Amino acid sequence: MTLTEKILARASGKARVSAGENIWVNADVLMTHDVCGPGTIGVFKREFGKNAKVWNRNSVVIIPDHYIFTEDSLSNRNVDILRDFAREQELPYFYDVIDDPNGHWKFDASKGLMKKQYGSNYAGVCHTALPQKGHTRPGEILFGTDSHTCMAGAFNQFATGIGNTDAGFVMGTGKLLIKVPATMRFRLEGKLQPGVMAKDIILQVIGEIGFDGATYRAMQFDGPGVASLSIDDRMTIANMAIEAGGKNGIFQFDARTAEYVDARVKKNGTKSTYEPVEPDADQTFVYETVIDLDKLEPTVACHPDPGQRKKAKELNHIRLDRAYIGSCTGGKTSDFVEFAQVLRGKRVTIDTFGVPATPEIVHDLQTTRWGDRTIWQILEDAGVRMTENAGCSACLGGPVDTFGRMNQAGLKCISATNRNFPGRMGHKESQVFLASPATVAASAIAGKIVDPREYLSN
Amino acid sequence: MQSKFNGPVYVVRDNIDTDQIISAKYLNLVPTIEEEYEKLGSHAMNGLPESLYAERFVKPGAMDSEFPIIIAGRNFGCGSSREHAPIALGAANTQTVIAESFARIFFRNCVATGEVYPVECQGRLCDILKTGEIVTVDIDTNTLTQAATGRVFPLNQLGEVRPVIDAGGIFEYARQTGMMPKVA
Ligand code: SF4
């Protein structure tokens, strides 16, 4: 069996499962956020009754992150709905925006968009926060009401996005009927060269198989090249399995996985036991390919979908209006480090927005020094507008007052995020080009799309 | 159960993502709140760029669409897992989406909510049919008939998901089939 099949077999209490089979699996964690949480709670109460209890208090994780730093009153209300539910159900893992369990969330725009307006429990973008807060464990099943839930496949678990109705069902029963996906194998060999990042790997893969090339399938990343990839790198890759239509992305387990997970569950006091899955000798794949990491070059997905692959160096004719670094996939500490390496001592020439995924990343960037300047200061010196209000921000457009949102037609933005369908970052007549943090940084300096390798300082 | 749908079609191309079906800015609406459900319908397909889709799915100011049938190319409903997407279509009175292929989560959300029938066609109906023309879709005989010409196009069978949508979604289906108690 493949890694995905092994996890699903275990979660369904069967010795073997094979692709195409419909099986009931037991969930380990259900995650929801402010955009889909209120609807999920609505379904749960409608179907199981007003006084129903969730199947397991410790397994429901609620992370407001999408529409937080906005004056939109319905969005603010939605965070309050989550808080009321977490209190009623006594959920230990609700990462509220504010500290008062009986309070109301209201964003105060008069304080500006840059200075932090959250309390001590706020965790930031759900997919980045889940591992940081010790909720991702090898061998487990994670369902989330968000398509990028597949990011947790970086930790050798089965993680996939579901809708509110399915999530309401899981909330009440802890179970879900799913179809076992066939597995596609991407065997990684070699090592990434300077200026080439994990983002380039996944953009290469999506360009290869197409925007729907993995529909109903699992994407398994294994091979000797994985060892050189950091946990952040693996998260970037697994995150974007959905951009090829994939049900999940999954990595093999190794010492790096163990080190990360063990440290996080310990720090946060979450469940510490887990059982990884190891690859079998008899795996069946519907597709197999080898990716030579040494040969990869900085890659861009052009408007209007993540499958429009081009090399960055072929796109010098595309003039840009803005640049954006942030999101679950591109707003991690290592993303900002690479971004800052390109920008250090230089200036951006177009509007450039930086949104760390989580408060912990804000803290990392504000406390890590290169010489006498923090990374945060180095980026501000370079002209990047850095906000402390970690969250999804303009990655998915959001309400019109969202930081970095593209509110005008015709704007072109290069972005370290994961999705670029029409209107994704705001105006439906704007365009988004997806690239690695290094490519975004170099392009922000040049004002057009460029290959970052020409901009690497020694 | 209704198995025939008749009326004007709204034709879209490949890769219509959930953001074009329901713009992210309306995700502050909660589908289980009645009046917000209706509002979601009024914004259905509103994320389609005007430059490509001058004729709008829901007319400005209207709450529902006059097109009960959507015809699409490949990968309809790709992108996010937002259930707001099939719900917005259902709330706008869409009955069925006929596409060359569907994205997985969207397809599943159509079934789970019972909001619309997601039916696969064979070949590129989106190149043949024009917005506004009348067709009849029959999910018993798995055909789509073009009214003007009488041409009949085959559709793929809905198969095991049909009774779930017929019942009105997974919870109703679970109750009808005794998998869940009748009253919560
Ligand atoms: S950062 Fe973007 S992709 Fe990630 S969860 Fe938020 S909206 Fe989705």
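## The ligand shell

Two domains of chain A, domain 1 (3-177) and domain 3 (303-455), each give at least three residues to the shell around the ligand. Domain bounds come from an automatic or database domain assignment. The model is predicted: local features need pLDDT of at least 70, side-chain atom pairs count only at pLDDT 80 or more, and totals for chains, interfaces and linings use all residues. Residues are numbered from 1 along each chain as its sequence is written, while chains are lettered from A and ligands numbered from 1 in the order in which they are written.

Which residues come nearest to the ligand? Of the 13 around the ligand, they are A:S327, A:C328, A:C392, A:C395 and A:L396. A residue is near if its C-beta atom, placed from the backbone, lies within 6 Å of the molecule. Helix 4 (126-132) and helix 9 (327-330) of chain A supply at least two shell residues each. Helices are DSSP runs of H or I with at least four residues, strands are runs of E with at least two, and both are numbered from the N terminus. By class, the shell has six nonpolar, six polar and one charged residue. Nonpolar covers Ala, Val, Leu, Ile, Met, Phe, Trp, Tyr, Cys and Pro; charged covers Asp, Glu, Lys and Arg; the others, Gly among them, are polar.

## Chain A as a whole

Chain A holds 13 helices and 19 strands. Its C-alpha trace spans about 55 × 55 × 40 Å along the principal axes. The radius of gyration of chain A, taken over C-alpha atoms, is 21 Å, which agrees with the value near 23 Å for a compact globule of 458 residues. That globule rule is 2.2 Å times the number of residues to the power 0.38.

Of the 458 residues, 61% count as buried, with 20 or more other C-beta atoms within 10 Å of their own, C-beta atoms being placed from the backbone.

## Strands 18 and 19

Strand 18 (residues 412-415) and strand 19 of chain A run parallel, joined by four bridges. Strands pair if DSSP finds at least two bridges between them. A:C413 stands opposite A:V432 in strand 19. From strand 19 (residues 431-434), A:Q431 and A:F433 point one way, A:V432 and A:L434 the other, and all are buried.

## Where chain A meets chain B

The contact takes 44 residues from chain A and 37 from chain B; contact means C-beta atoms, placed from the backbone, within 7 Å. Helix 2 (37-48), helix 3 (73-89) and helix 5 (164-173) of chain A give two or more residues each to the side touching chain B. Helix 2 has the largest share, seven residues.

Conventions. A residue is buried if 20 or more other C-beta atoms lie within 10 Å of its own, exposed if 12 or fewer, and partly exposed in between; C-beta atoms are placed from the backbone. Two residues are in contact if their C-beta atoms, placed from the backbone, lie within 7 Å.
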